[in-house]
Amino acid sequence: GLDEGLGLKVLPAALVDGRGAGDALFVLQRGELSRLIDLDDDGRCDRIETVSSGWGLSGNYHEFAFGLPADDAGRLYVTLNVGFGSPRWWVGQSWAPWRGWCLRIDPRTGVTEPLASGLRSPCGLGRDAAGRIYITDNQGDWLPACPLHVLQEGAFYGHPTSLAWHDDWRSAGALPSDSLPV
């Protein structure tokens, strides 16, 4: 019953909900972060709870969601691909909220925070021993090679279509160009 589960994280249940022993299992799907719950301890999922669905989907085939490294507070990190369509199939677009962004989600509350923009197809996330979150992106329009970024809150990583979801662009009614640099 999962829709493109492209991220998996096991956290101590005590960190997530204070219930003590055991683990909390999270799966990142195309349109939501879900918690899988085994009610009768038989090793099978009995219920899937939506933790967050605080981002958009246009229905485009390329709107993948990837994750799920966690920080020391147990917050989970997610990246969202831009979409590609006709007739200019090679030009990524952010037709739905937060496409081309990295988000941070608190699994206890579901609060979803947009952190950084300018991503294209950010399909790799990880965390090092010092707690830094790393993001890899896939080459293509606006990206001549595959970069590796250290996540910095508020950063813009170069792919302009995600600017559509910045407050200053939205309040001005501006749309980012898909052919001219920002």
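Let's start in the middle: the largest nonpolar core of this predicted model has 19 residues. The residues with the most contacts inside that core are Phe26, Leu28, Leu33, Trp55, Leu68 and Leu76. Who supplies the core? Strands β2, β5, β6 and β7 each give at least two residues. On the sequence, β5 covers 65-70 and β6 covers 76-80.

Take one of those residues, leucine 76. Which residues does leucine 76 touch, beyond those up to four places away in sequence? The list runs Lys9, Leu11, Phe26, Leu33, Leu68, Pro69, Ala70, Leu103, Arg104, Ile105 and Pro107. Keep Arg104 in mind from that list. We will come back to arginine 104 with the salt bridges.

There is also a second core, separate from the first. That one has 12 residues, including Ile133, Ile135, Ala155 and Tyr157. As a general point, nonpolar side chains tend to be buried together in soluble globular proteins.

Next, a sheet. Three strands form an open sheet in the order β9-β10-β11, and the pairing is antiparallel. Which strands are at the edges? They are β9, residues 124-127, and β11, residues 148-150. Each of these two pairs on one side only. From one strand to the next, the twist averages 20°.

Look at the β10 side of that sheet. Strand β10 spans residues 133-136, and 3 bridges join β10 to β11. Threonine 136 has its bridge partner in β11, namely leucine 148. In general, strands of a sheet pair through backbone hydrogen bonds.

Now to serine 34. Where is serine 34 placed? It sits in strand β3, which covers residues 33-37. Is serine 34 buried or exposed? Serine 34 has a relative accessible area of 0%, so it is buried.

Its side chain has polar partners. One is the side chain of glutamine 29, at 2.6 Å. Another is the side chain of glutamate 32, in a polar contact of 2.5 Å. Leave aside neighbours within four places in sequence, and serine 34 is in contact with Leu25, Phe26, Val27, Gln29, Ile48, Glu49 and Val51. Note Phe26 there. Phe26 is also among the core residues with the most contacts. One distance to add: serine 34 and leucine 8 are 26 residues apart in sequence, and their C-alpha atoms are 9.7 Å apart in space.

A second serine, for contrast: serine 53. This residue lies in the loop between β4, residues 47-52, and β5. Serine 53 counts as partly exposed, because its relative accessibility is 44%. Not counting residues up to four places away in sequence, serine 53 touches Gly31 and Glu32. Glutamate 32 is the residue whose side chain we just met in a polar contact with serine 34. From serine 53 to leucine 80 is 27 residues along the chain, and their C-alpha atoms are separated by 12 Å.

On to charges. How many salt bridges are there? The count comes to 9. I'll show three.

First up, arginine 30 and glutamate 4. Their side chains meet at 2.7 Å, N to O. Arginine 30 is in the loop between β2 and β3, and glutamate 4 is in the segment before β1, so this pair ties together parts that are 26 residues apart in sequence. Arginine 30 counts as buried, at 11% relative accessibility. Glutamate 4 is partly exposed, at 33%.

Next, glutamate 153 and arginine 104. Their closest N and O atoms are 3.7 Å apart. Why does this pair tie together parts that are 49 residues apart in sequence? Because glutamate 153 lies in the loop between β11 and α2, while arginine 104 lies in strand β7. Glutamate 153 counts as exposed, at 59% relative accessibility. Arginine 104 counts as buried, at 9%.

Then arginine 108 and aspartate 106. This salt bridge is 3.4 Å, N to O. Arginine 108 is partly exposed, with a relative accessible area of 36%. Aspartate 106 counts as buried, at 17%.

Last, a network. Which residues do salt bridges with shared partners join together? They join Arg104, Glu113 and Glu153. And there is our link back: Arg104 is also touched by leucine 76, one of the residues with the most contacts in the largest core.

Technical notes: Residues are numbered from 1 along each chain as its sequence is written. This is a predicted model: local features need pLDDT of at least 70, side-chain atom pairs count only at pLDDT 80 or more; totals for chains, interfaces and linings use all residues. Side-chain values use heavy atoms; hydrogens and water are left out. Helices (H or I, at least four residues) and strands (E, at least two) are DSSP runs, numbered from the N terminus. Buried means under 20% relative accessible area, exposed over 50%, partly exposed in between (1.4 Å probe, protein chains only). A polar contact is a pair of N or O atoms within 3.5 Å; within protein, one must be able to donate a hydrogen and the other to accept it, and residues adjacent in sequence count only if both atoms are side-chain atoms. Contact means heavy atoms within 4.5 Å. Two strands pair if DSSP finds at least two bridges between them. Axes are lines fitted to C-alpha atoms, for helices over the stretch in contact, and angles run from 0 to 180 degrees between N-to-C directions. A salt bridge is a side-chain nitrogen of Lys or Arg within 4 Å of a carboxyl oxygen of Asp or Glu. A nonpolar core is a set of buried Ala, Val, Leu, Ile, Met, Phe, Trp, Tyr and Cys residues joined through side-chain atoms within 4.5 Å.
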